[in-house]
Amino acid sequence: MESKQYAIPTAERMRALGEQVARRMRGGEVILLSGPLGAGKTTFAQGFGAGLGIDEPIVSPTFTIARELNGTFADGRPARLIHVDAYRLGGTDYAPGQDSVDRLLDELESLGLDEELEDVDEHAVVLMEWGEQMAAALADERLDITLTRPVGTGHVRRTDRELTSDGMRYATLTAVGGRWDGFLGAFDFA
């Protein structure tokens, strides 16, 4: 596994990171995007959509679980973004003898997402928010992107203690599996 970390001071830079990652997609990729609330997952996804030339608004599909959006890869081929929000998946109501991974796989199957994740077609990219709890159950080859928002870095207004989009975040990209060999070595986010 290979990892790189980037400091992301603004929402614009987070979108730019998403856009740059998207422009390197060729089809068949799975990307797991994780981090706490307010870390910038949806902002990254908006940039990712822009990098695939998607004109529709990119919003977190929390209540729909998954959305499919059409765009174009950098080489001009049609692209299909499967944007998944796994936040509501993996509840605690297990069948007798069922573990959390089995529960997640059952939920993915009931949504028709299990096949999408096991064998992503050459015209699609899966971008899954809140996918960290499923990493072991999902694709063996994936790009894990972990966003963090350290406490005390200026992201809370002092007067009303309200979260803002200001403040430093960090994005750690980790390439998992042979499909991603060389991806991060050739990736330079400036």
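Helices, of at least four residues, and strands, of at least two, are DSSP runs numbered from the N terminus. The exercises below use a predicted model.

**Exercise 1.** State how many helices and strands the protein chain has, and in what pattern they follow.

*Solution.* Step 1: the count gives four helices and seven strands. Step 2: read along the sequence, the pattern is β-α-β-α-β-β-α-α-β-β-β.

**Exercise 2.** Decide whether helix H2 (residues 41-51) is largely enclosed or not, and explain why.

*Solution.* Step 1: a residue counts as buried under 20% relative accessible area. Step 2: the buried residues in H2 are Lys41, Thr43, Phe44, Ala45, Gly47, Phe48, Gly49 and Gly51. Step 3: eight of the 11 residues of H2 are therefore buried, so the rest of the structure largely encloses this helix. Step 4: the packing partners of these buried residues are helix H1 (11-22) and the strands E2 (29-34), E3 (66-72), E4 (78-85), E5 (124-129) and E6 (142-148). Step 5: just after H2, Gly53 has a positive phi of about 70°.

**Exercise 3.** Describe the largest nonpolar core and find which element gives the most to it.

*Solution.* Step 1: this core has 33 residues, and those with the most contacts inside it include Phe44, Phe48 and Met25. Step 2: at least two residues each come from strand E1 (2-8), H1, E2, H2, E4, E5, E6 and strand E7 (169-176). Step 3: H1 gives the most, with four residues. Step 4: leaving aside residues up to four places away in sequence, Met25 touches Ile31, Phe48, Phe73, Val125, Trp180 and Phe183. Step 5: a second, separate core has eight residues, among them Leu32, Ile82, Ala124 and Val126.

Technical notes:
Residues numbered from 1 in each chain as written. Predicted model: local features only at pLDDT ≥ 70, side-chain atom pairs only at ≥ 80, totals over all residues. Heavy atoms only, no water. Buried < 20%, exposed > 50% of the residue type's maximum accessible area, 1.4 Å probe, protein only. Contact = heavy atoms within 4.5 Å. Core = buried A, V, L, I, M, F, W, Y, C linked by side-chain atoms within 4.5 Å.
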